[in-house]
Amino acid sequence: QTVTDPAHPNALPTIAVEEPTIKVTIGPNTSPFAGEEGKFFTSRQIKERLLKEKETNLGLRIEEDPEGVNFVVHGRGELHLAMLIETMRREGYELQVSKPHVIFKTIDGVVCEPFEEVTVDVDTEHVGYVNEEFGKRKAEMINMVQGERTTRVQFKISSQNLLGIRSILMTKTRGTAIMSSYSLGYFPRGTRM
């Protein structure tokens, strides 16, 4: 609903929610120690919690895995899904989570993958580690600004090549790197921007 002037009743345009770019499979814990750490560990309980989350978390998509009792959860990045999983764990849910996978799209007959622009602020002494790690992952540096004690580096990189980089950077830079990213959209798979 829009609160507006009665003389000019024009509604605001609707907000489009970004498409998910990453997916994981979430299901009940099947390890030998299942049922020892949480209060909620059945597939039914996990499904109810995921459906409750979907009511308020508009960027989330949930579908049942056709191969079993698991659920494929689509989110807008690693952090989006990590927050959901950590919240569920703290609420007493015991679950297993698969490795994250990027969601590919076919646009006009071409397979496309999501790309992101990443900004890293790091102590100047650790810039080499940052450039080395992003270079291994086929990122394109678009800007580098050196400050008095820190350096800001910006890269364009596919979301698939970005998976798992946060923990590696934290280790190599002794916890001094600050990383943020935003989605640039989908581009043909295997292209360098």
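What follows is a walk through a predicted model, from the overall fold down to one helix and a few single residues.

Starting with the whole chain, the secondary structure adds up to five helices and ten strands. The radius of gyration comes out at 20 Å, against the value near 16 Å that would go with a compact globule of 193 residues. Laid along its principal axes, the C-alpha trace covers about 65 × 55 × 40 Å. Of the 193 residues, 34% are buried. As for the surface, about 12,400 Å² is exposed, and 52% of that is supplied by carbon and sulfur atoms. Contacts in the protein also reach a long way along the chain: taking those with a separation of 6 or more, 71% are between residues 24 or more positions apart.

Helix 2 makes a good place to zoom in. This helix takes in residues 78-90, 13 residues in total. From the first C-alpha to the last it reaches 18 Å, close to the 18 Å expected at 1.5 Å a residue. Its buried residues include H80, L81, L84 and M88. Looking down the axis of helix 2, the buried residues sit within an arc of 95 degrees, so they line one face of the helix. Several elements contribute to the cover over these residues, including strand 1 (22-28) and helix 1 (43-56), along with strand 3 (71-75) and strand 4 (95-97). On the face turned away from the buried side, the exposed residues are L79, M83, R89 and R90. Just past the end of helix 2 comes G92, with a positive phi of about 105 degrees.

M88 deserves a closer look. This residue is part of helix 2, and it counts as buried because its relative accessibility is 0%, where the cut-off for buried is under 20%. Setting aside neighbours within four places in sequence, M88 is in contact with I46, R49, L50, Y93 and L95. One of these partners, R49, is 39 residues away from M88 in sequence, yet the two C-alpha atoms are 8.1 Å apart in space.

T21 is another buried residue, this time in the segment before strand 1. The relative accessible area of T21 is 8%, so it falls on the buried side of the line. Not counting residues up to four places away in sequence, T21 touches G75, R76 and G77, then H101, V102 and I103, and also P114 and Y186.

Two loop residues round things off, both with backbone angles worth a glance. D108 is found in the loop between strand 6 (105-107) and strand 7 (110-123). Although D108 is not a glycine, it has a positive phi of about 55 degrees. D108 is exposed, as its relative accessible area is 78%, and the threshold for exposed is over 50%. K138 belongs to the loop between helix 3 (127-136) and strand 8 (140-146). Phi of K138 is positive as well, near 60 degrees, and this residue is again something other than glycine. With a relative accessible area of 56%, K138 also counts as exposed.

How values were computed:
Residues numbered from 1 in each chain as written. Predicted model: local features only at pLDDT ≥ 70, side-chain atom pairs only at ≥ 80, totals over all residues. Heavy atoms only, no water. Helix = DSSP H or I, 4+ residues; strand = E, 2+ residues; numbered from the N terminus. Expected span 1.5 Å × (residues − 1). Buried < 20%, exposed > 50% of the residue type's maximum accessible area, 1.4 Å probe, protein only. Arc of directions from axis to C-beta. Contact = heavy atoms within 4.5 Å. Rg over C-alpha atoms; globule rule 2.2 N^0.38 Å. Areas by Shrake-Rupley, 256 points an atom, 1.4 Å probe, with all protein chains shown as cover.
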